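Biologist: I should be grateful for a close look at one part of this protein, namely its nonpolar interior. Please describe how that part is built and how it sits within the chain as a whole.

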Amino acid sequence: MKILMVDDEDDIRKVGLLSLQRVGQFEVLQAEDAFTGLDLARKEKPDLILLDAMMPGMDGPAALQTLRQDAEIQHIPVIFMTA
């Protein structure tokens, strides 16, 4: 299973990467902002997106709205994360 984690906090991405890869044995892609995350989603077609709710530039709800308007990736399940 391929998971895309989108979070602007480097520490959160590191912990998520360690947990998901080592413990869960998942393939993990990471993006530090919503714009990069949407690009990666289009290119890599992950099975799941973990999306930070609060990010500078484009927040999680706006990214989800953009994702749902794109026929190629609108089917990907999204789980919001927030500190």
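Modeller: Contact here means heavy atoms within 4.5 Å. The model is a predicted one, and L4 offers a suitable point of entry. Leaving aside its neighbours within four places in sequence, L4 is in contact with L29, Q30, A31, G37, L40, A41, P46, L48, I49 and L50. L4 also belongs, with V6, I49 and L51, to the residues that have the most contacts inside the largest nonpolar core, a set of 16 residues. Two or more residues of this core come from each of β1 (2-6), β2 (27-31), α2 (34-44), β3 (48-52) and α3 (60-68). The largest share, four residues, is given by α2. Apart from this core there is a second, separate one of seven residues, which includes I3, L20, V28 and M81. In soluble globular proteins, nonpolar side chains tend to be buried together.

As for the setting of these cores, the protein chain has three helices and four strands, and from the N terminus on its elements follow the order β-α-β-α-β-α-β. Of its 83 residues, 39% count as buried. Among contacts between residues at least 6 apart in sequence, 64% join residues at least 24 apart. The radius of gyration is 12 Å, which agrees with a compact globule, because a globule with 83 residues would have a value near 12 Å. The C-alpha trace spans about 35 × 25 × 15 Å along its principal axes. On the outside, the protein chain exposes about 4,900 Å², of which carbon and sulfur atoms supply 54%.

Methods
Residues are numbered from 1 along each chain as its sequence is written. This is a predicted model: local features need pLDDT of at least 70, side-chain atom pairs count only at pLDDT 80 or more; totals for chains, interfaces and linings use all residues. Side-chain values use heavy atoms; hydrogens and water are left out. A nonpolar core is a set of buried Ala, Val, Leu, Ile, Met, Phe, Trp, Tyr and Cys residues joined through side-chain atoms within 4.5 Å. Buried means under 20% relative accessible area, exposed over 50%, partly exposed in between (1.4 Å probe, protein chains only). The radius of gyration is taken over C-alpha atoms; the globule rule is 2.2 Å times the number of residues to the power 0.38. Accessible areas come from the Shrake-Rupley method with a 1.4 Å probe; for residues, only the protein chains shown count as cover.
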